[in-house]
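Open the model in your viewer and keep the sequence panel in sight. The tour goes from the whole chain to a few side chains.

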Amino acid sequence: MSLLNLADDRGFNLLMLSAECEDLIVLKFLLSFGFDVNFHVRNETAASMALRNRHFKALLELLKANSVFPRGLNANKVPEKVKEFIKICQVMHQSVIKGNE
């Protein structure tokens with residue numbers, strides 16, 4: 001069985017579990033293996049689990065790996081580094097949209 005297919009009894013994969021407990025070493029290791037950052041189980045992703053548990057370092061790593069922004073991401077409740085990254089992503093997204101028009 002592949003690491004990519006391992007899951008707990010809830011269906012959460014290793015990336016989701018490492019985000020849930022903010023194990024950054026394991027999280028970065030799993031990202032290097034190509035885990036799907038947007039894999040979801042019952043509307044939960046690794047990023048939403050990190051956000052729910054207020055693990056902002058894990059959330060930032062997942063966003064850097066092109067995770068979708070989790071629903072309910074209130075920028076007023078996150079640290080400045082995450083806010084700055086969100087702003088950069090939004091500017092880049094707008095540039096891509098304008099470039100495709």
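A residue is called buried when its relative accessible area is under 20%, exposed when it is over 50%, and partly exposed in between. Keep in mind that this is a predicted model.

Start with the whole chain, shown as a cartoon. There are five helices and zero strands, so the elements run α-α-α-α-α from the N terminus on. Of the 101 residues, 34% count as buried. Now switch on the surface: the chain exposes about 6700 Å², and carbon and sulfur atoms supply 56% of that area.

Next, turn to charged side chains. Side chains of opposite charge can pair when their charged atoms come close. The structure holds four salt bridges.

Select Asp 8, Arg 10 and Glu 20, which are linked in a network of salt bridges. Asp 8 meets Arg 10 at 3.0 Å, N to O. Arg 10 also meets Glu 20, at 3.1 Å. That second pair links distant parts of the chain: Arg 10 lies in the segment before helix 1 (14-20), and Glu 20 lies in helix 1, 10 residues apart. Asp 8 is partly exposed, because its relative accessibility is 22%. Arg 10, at 33%, is partly exposed as well.

Now select helix 4, residues 56-64, and show Glu 61 and Lys 64, which lie three residues apart, about one turn of the helix. Their side chains meet in a salt bridge of 3.8 Å, N to O. Is Glu 61 buried or exposed? Its relative accessibility is 19%, so Glu 61 counts as buried. Its partner Lys 64 is partly exposed, at 47%.

How values were computed. Residues numbered from 1 in each chain as written. Predicted model: local features only at pLDDT ≥ 70, side-chain atom pairs only at ≥ 80, totals over all residues. Heavy atoms only, no water. Helix = DSSP H or I, 4+ residues; strand = E, 2+ residues; numbered from the N terminus. Buried < 20%, exposed > 50% of the residue type's maximum accessible area, 1.4 Å probe, protein only. Areas by Shrake-Rupley, 256 points an atom, 1.4 Å probe, with all protein chains shown as cover.
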